[in-house]
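Trainee: I have a structure to go through and would like to work from the sequence and the coordinates together.
Mentor: Put it up and ask your questions in turn.

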Amino acid sequence: MLALLLAACMAALLRTQGLLEEHLGLALAFMWTPALASVVARLVLREGFQDVSFRLGGAQGRRAVLVAWLLPALAAGLAYGVAWGGGLVAFSPPTLRDFGLEGLPPLARFGVLLAINLTGGLLISAVTATGEELGWRGYLLTRLVAAGVRYPVLWSGLIWWAWHLPLLVSGRYRVGPEPWLSPALFLIPILAASYVMARLRFTTGSVWPAVMLHSSSNAVVQAAFDASSSDASLWVGESGLLVCLTSLLGAALIARWWAPRLPAGVTPRPSPGP
């Protein structure tokens, strides 16, 4: 079902010109294909919707949402800070002329831009990120666990990356300056984010920390840090080398601090033989 929906969206995109971000309706359709596919699967298999876990998960859930909100900004701040400070990429925040803030110094303008995207920008990003997370962490991941698939988090991340591949290979979604190397590097932060979101999902039993992390990452990295970098680079961006390193660092910190448990309603079956 996911493949059919993705193919239909891709066919529609190829009939247009420009990047996916220039076609907001298609972008929304793309990012909701995992959710729609999961809804069809739930209805056909008569599985219901209770295990989506829309509850926040109490105090632990609130802490997880807070971590998910701030982690992308901290990881990106470290990666881009090194790139800007080391002269690898030029620091050039937008003028913010529409807000009447063009007179502010660059660092102040960046601070305003970051605050905007950690609040209002995040809410806009959540409209699309929720569509992905209802499918990836709300359905696919838990079914891989329940089926006893070995390395379910790894497989969920690889599927998530493969879902991006038609966009990446066609050049309609740019994650870096190198058309072939960048998609390969993009796998690293995808797997790191998959691990963090799975950890938070299983710790809290809630899908909302995954939605928050995905929304915050898209809003902060793309609309604040990338927008404040003057040129494309292998060092930064969603497939940048420094972003890859800080993504792995964030995943390692989460692995140390958060202990996973299965969400309610998910019972693992014995793993299949070799």
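The questions below deal with a predicted model, its annotated spans, a surface patch and its cysteines.

Trainee: How far apart are the end C-alpha atoms of residues 120-220, the span UniProt gives as a domain?
Mentor: The unreviewed UniProt entry names this domain "CAAX prenyl protease 2/Lysostaphin resistance protein A-like". The span is 82% helix and 0% strand. Its end C-alpha atoms are separated by 11 Å.

Trainee: What is the helix content of residues 183-200?
Mentor: The unreviewed UniProt entry lists several spans as "transmembrane region", including residues 107-128 and 183-200. Residues 107-128 are 91% helix, with end C-alpha atoms 29 Å apart. For residues 183-200 the end C-alpha atoms are 26 Å apart, strand is 0% and the helix content is 100%.

Trainee: Which helix gives the most to the nonpolar patch?
Mentor: The patch covers about 500 Å² and consists of Met1, Leu4, Val40, Val44 and Leu45. Leu4 belongs to helix H1, residues 2-14. With 3 residues, the largest contribution comes from helix H3, residues 33-45.

Trainee: Is Leu4 buried or exposed, and why?
Mentor: The cut-off for exposed is over 50% relative accessible area. Leu4 has a relative accessibility of 63%, so Leu4 is exposed.

Trainee: Are Cys9 and Cys244 buried or exposed, and how many disulfides are there?
Mentor: Buried means under 20% relative accessible area. Cys9 is at 11% and therefore buried; Cys244, at 4%, is also buried. A disulfide needs two cysteine sulfur atoms within 2.5 Å, and the number of disulfides by that rule is 0.

Notes
Residues numbered from 1 in each chain as written. Predicted model: local features only at pLDDT ≥ 70, side-chain atom pairs only at ≥ 80, totals over all residues. Heavy atoms only, no water. UniProt positions renumbered as here; feature names shortened; annotations may be inferred. Helix = DSSP H or I, 4+ residues; strand = E, 2+ residues; numbered from the N terminus. Patch = residues over 30% accessible without salt bridge, like charges linked within 9 Å, V, L, I, M, F, W, Y side chains within 5 Å. Areas by Shrake-Rupley, 256 points an atom, 1.4 Å probe, with all protein chains shown as cover. Salt bridge = Lys/Arg side-chain N within 4 Å of Asp/Glu carboxyl O. Buried < 20%, exposed > 50% of the residue type's maximum accessible area, 1.4 Å probe, protein only.
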